[in-house]
Amino acid sequence: MAQRKATVAPEIRKVAKAEHSKPAPVFKDRRRERGEASIQRIIDATIELIAEEGLATVTMQRIAEHAGSSNALVVFHFRSKENLFRAVLQYLSDQYDELWATLVRPPGLSPAQRLMGALECAQRFSRLHPKWVSVFVVFSSDRKSMQIYNEIGMPNDLAYTAEAREFLIEIAAIGGYTDVDTDTLAESLNYLVHGAWFWDHLNPPEGRSDVLRKTTLMLLHQAFPRHFDLAPRG
């Protein structure tokens with residue numbers, strides 16, 4: 001008797017085909033994850049050392065010891081101290097830009113709300129990460145590192161000031177304020193933020209100082225009295 005050829009039900013064929021067409025499971029690159037974690041530990045250790053001691057005494061060896069790593073591994077990741085400093089400053093700049101985008105650039109905010117978001121960004125960054133602010137101050141104050149800051153940090157500073165100036169121009173147009181010098185006001189707000197950061201770096205506040213916010217509101221209220229009041233936050 002001739003044997004009948006085995007057949008596969010269409011439904012089973014479809015399932016088998018679907019299973020075969022599934023992409024292979026993606027396995028995490030453990031080596032890359034370990035490398036990224038190692039880089040972050042080194043960056044964090046460098047931030048702590050710079051914030052506490054400045055730049056003069058910071059060496060690759062001391063950074064390695066502070067990070068619980070080896071000098072060879074630090075050199076492997078960054079090649080030179082200058083490259084490491086650039087990575088630190090880029091990391092901090094990225095963190096600030098991320099916070100700025102969260103507080104200043106969400107859709108639906110008015111120009112006045114965006115301006116207050118910019119103030120909140122400066123205050124929150126300083127309160128949550130005083131060592132990060134100290135590193136910014138050190139880089140922008142040290143003659144040797146100032147070139148790195150001018151390349152990485154300064155473009156962002158100028159962009160934030162320009163963005164704040166646009167908010168001021170919009171508020172002046174919406175409110176019919178014709179006698180406001182928005183260029184000078186934008187630079188004044190920039191001076192206030194950087195001055196507050198510098199002073200807090202030299203003389204860390206014991207509590208949550210609200211001087212920056214109050215001073216900023218005084219300026220904004222004087223320029224735009226119908227858009228900014230001096231009432232305390234509830």
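A residue is called buried here when its relative accessible area is under 20%, exposed when that area is over 50%, and partly exposed in between.

**Figure 1. Overview of the predicted chain and its helices.** The model shown in these views is a predicted one, and by the cut-off just given, buried residues make up 36% of the 234 residues in the chain. The chain holds eleven helices and zero strands, so that, read from the N terminus on, its elements run α-α-α-α-α-α-α-α-α-α-α. Among contacts between residues at least 6 apart in sequence, 66% join residues that are at least 24 apart.

**Figure 2. The largest cavity and the residues that line it.** Rolling a probe the size of a water molecule over the atoms shows where empty space is left. The structure holds one cavity of 30 Å³ or more, and the volume of the largest cavity is about 380 Å³. Its lining is made up of 23 residues, and of these Tyr96, Trp100, Tyr160, Asn190 and Val193 lie nearest the centre of the cavity. The elements that give two or more residues to this lining are helix 5 (81-104), helix 6 (111-128), helix 9 (154-175), helix 10 (182-202) and helix 11 (211-223). Helix 10 gives the most to the lining of the largest cavity, namely six residues. Sorted by class, the lining of the largest cavity consists of 15 nonpolar, seven polar and one charged residues.

**Figure 3. The largest pocket and its surroundings.** The largest pocket encloses about 470 Å³ of space, and 21 residues line this pocket, with Ser126, Arg127, Asp200, Pro205 and Ser209 lying nearest its centre. Two or more residues of the pocket lining come from each of helix 6, helix 7 (130-141), helix 10 and helix 11. Helix 10 gives the most to the lining of the largest pocket, with six residues, just as helix 10 gives the most to the lining of the largest cavity, with six residues. The pocket lining divides into ten nonpolar, eight polar and three charged residues.

**Figure 4. The largest nonpolar core, with a closer look at phenylalanine 224.** In soluble globular proteins, nonpolar side chains tend to be buried together. The largest nonpolar core in this model has 59 residues, among which Leu115, Phe139, Trp197 and Phe224 touch the most other members. Helix 5 supplies the largest share of this core, with eleven residues. When residues up to four places away in sequence are not counted, phenylalanine 224 touches Leu168, Ile171, Ala172, Tyr177, Val180 and Leu185.

**Figure 5. Arginine 165 and its two acidic partners.** Side chains of opposite charge can pair when their charged atoms come close. The side chains of aspartate 183 and arginine 165 meet in a salt bridge, with an N to O distance of 3.0 Å. This pair links distant parts of the chain, since aspartate 183 belongs to helix 10 and arginine 165 to helix 9, 18 residues apart. Arginine 165 also forms a salt bridge with glutamate 187, where the closest N and O atoms are 3.4 Å apart. That second pair likewise links distant parts of the chain, with arginine 165 in helix 9 and glutamate 187 in helix 10, 22 residues apart. Aspartate 183 has a relative accessible area of 43% and therefore counts as partly exposed, and glutamate 187, with a relative accessible area of 30%, is partly exposed as well.

**Figure 6. Further salt bridges in the chain.** A search of the whole structure finds twelve salt bridges, including one in which the side chains of arginine 62 and glutamate 53 meet at 2.6 Å, N to O. Arginine 62 counts as partly exposed because its relative accessibility is 30%, and glutamate 53 is partly exposed because its relative accessible area is 35%. Elsewhere, Glu82, Arg86 and Glu151 are linked in a network of salt bridges.

**Figure 7. Asparagine 156 and serine 93.** Asparagine 156 has its place in helix 9, and its relative accessible area of 24% means that this residue counts as partly exposed. The C-alpha atoms of asparagine 156 and serine 93 are separated by 7.7 Å, while the two residues are 63 residues apart along the chain.

Notes
Residues numbered from 1 in each chain as written. Predicted model: local features only at pLDDT ≥ 70, side-chain atom pairs only at ≥ 80, totals over all residues. Heavy atoms only, no water. 1 Å grid on protein atoms, 1.4 Å probe; cavity = no way out; pocket = protein on both sides within 12 Å on 5 of 7 lines; lining within 4 Å. Points joined across faces, edges and corners; volume = space filled by probe spheres on them. Helix = DSSP H or I, 4+ residues; strand = E, 2+ residues; numbered from the N terminus. Nonpolar A, V, L, I, M, F, W, Y, C, P; charged D, E, K, R; others polar. Core = buried A, V, L, I, M, F, W, Y, C linked by side-chain atoms within 4.5 Å. Buried < 20%, exposed > 50% of the residue type's maximum accessible area, 1.4 Å probe, protein only. Contact = heavy atoms within 4.5 Å. Salt bridge = Lys/Arg side-chain N within 4 Å of Asp/Glu carboxyl O.
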